[in-house]
Amino acid sequence: MFGLKVKMGELEFKRNKLFMAFDIKKSFGKNYEYAYYIYQDDQITERIWYQDAQANMRFSVMPIYSGSYQIRLFIKENGEIIFNELSNLLWIDAIHKKQIETTFPKEKVFFSDNPVKYVFQKAKKESRYLILSFSGLYSTEFRGGPPVYNHMRTLTPVETHKLFILDSYLDQFCYYVGFGGEEDFERSVIALITMIANEYQIPPENIIATGSSKGGAAALYYSFKYHFGKAVIGAPQVYIAKYLDQRANSDSMRQRYNRLLGNDLQFGKLFWDGLILNQVTRQTVFPELHFHVGEGDFHYSQHLKPLFKLFNEKKINYTLDLGKYEKHSDTGLYFTLFLLEKVQEIVMRKEERS
């Protein structure tokens, strides 16, 4: 019945405002009114009461606060509601006055210093753990392609809370930190993690940081700096600048590498190569650490062996699973099974479930 009388357009963001248009196929001798609710982050923040409606209507709303926005439109015909529908959803960065596009319905955006895209999967049963999944660096990103989430399918059997975070800062990767040592994206990421952990009453010792390659570097850094309880890591970069310098063999990738370093390239190289080692040197308490890497992967000889040497000097405990392969590109194939087995073992520990 609704579709015969009213046609509602898509909610749009233009010129710093949300716009909604609708058409009414009026019947002679009948009066029409419209009203609408404004939803921000799934909550009604404003109710606009009924007013006269024309055959073709268009109204606008200025979003003041960042978040997701929807409009619920109501149409009355002679005092009877004939239309009640919710619009499409838009993610709006009100501070920077732009719309943030998402790629699928379950993806959300957390707004802080910078917008952070994420997918949160709530446990079906009560759980005391939160798994963090940091994404790796795909070859397409070297050419300006979009980042992707990692290990969603792999972690499906694990019955606990899961937070998948995308490394997307100013249209490129930043190792979940920012450019040139600014750490502004990091502040937004840790704010997101803290919000989720607080909402579900997850203590830091029950946060499991996971990831491989770039994601492994992020899992190491965050678990050290913010004292998460566990980390399951595959073939991480430790000397990040040296790794990217070796990989930056195109103009496109060199541009992204230089943006990551910041305005002072020398400082940037020192910052990124010391990012993880500085945390190891400074901290006195460390997470439960589990590593996987291919025995022939250069990440083992060039990145992990120097890290493990420092671990041994500081008597930091860790486990190492060495795979029988050489190519770093094969990490995903072997790490997924290791990741699943290790996190399953952690969340099923009886002494930590009591």
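Which residue just after helix 5 takes a positive phi? In this predicted model, that residue is Gly 262, with a phi of about 95°. Gly 262 follows directly on helix 5, which spans residues 251-261, so a look at the helix itself comes next.

Some residues of helix 5 are tucked away: Met 253, Arg 256, Tyr 257, Leu 260 and Leu 261 are buried. Looking down the helix axis, these buried residues sit within an arc of 145°, and therefore they line one face of helix 5. What do they pack against? Their partners are helix 4 (240-247) and helix 6 (265-282). Flip to the other side of helix 5 and the picture changes, with Asp 251 and Gln 255 exposed.

Now for a strand. Strand 4 covers residues 32-40, and 8 of its 9 residues are buried, which means that the rest of the structure largely encloses it. "Buried" here stands for under 20% relative accessible area.

Strand 4 pairs with strand 7 (residues 67-77) in the antiparallel sense, and 9 bridges hold the count for this pairing. Across it, Tyr 34 in strand 4 stands opposite Ile 75 in strand 7. Strand 4 also runs antiparallel to strand 5 (residues 43-52), joined to it by 7 bridges. In this pairing, Tyr 39 finds Ile 44 of strand 5 opposite.

How many residues lie between strand 4 and strand 5 in their hairpin? There are 2, and Asp 41 in the turn has a positive phi of about 50°.

Note on methods:
Residues are numbered from 1 along each chain as its sequence is written. This is a predicted model: local features need pLDDT of at least 70, side-chain atom pairs count only at pLDDT 80 or more; totals for chains, interfaces and linings use all residues. Side-chain values use heavy atoms; hydrogens and water are left out. Buried means under 20% relative accessible area, exposed over 50%, partly exposed in between (1.4 Å probe, protein chains only). Helices (H or I, at least four residues) and strands (E, at least two) are DSSP runs, numbered from the N terminus. The arc is that of the directions from the helix axis to the C-beta atoms. Contact means heavy atoms within 4.5 Å. Two strands pair if DSSP finds at least two bridges between them.
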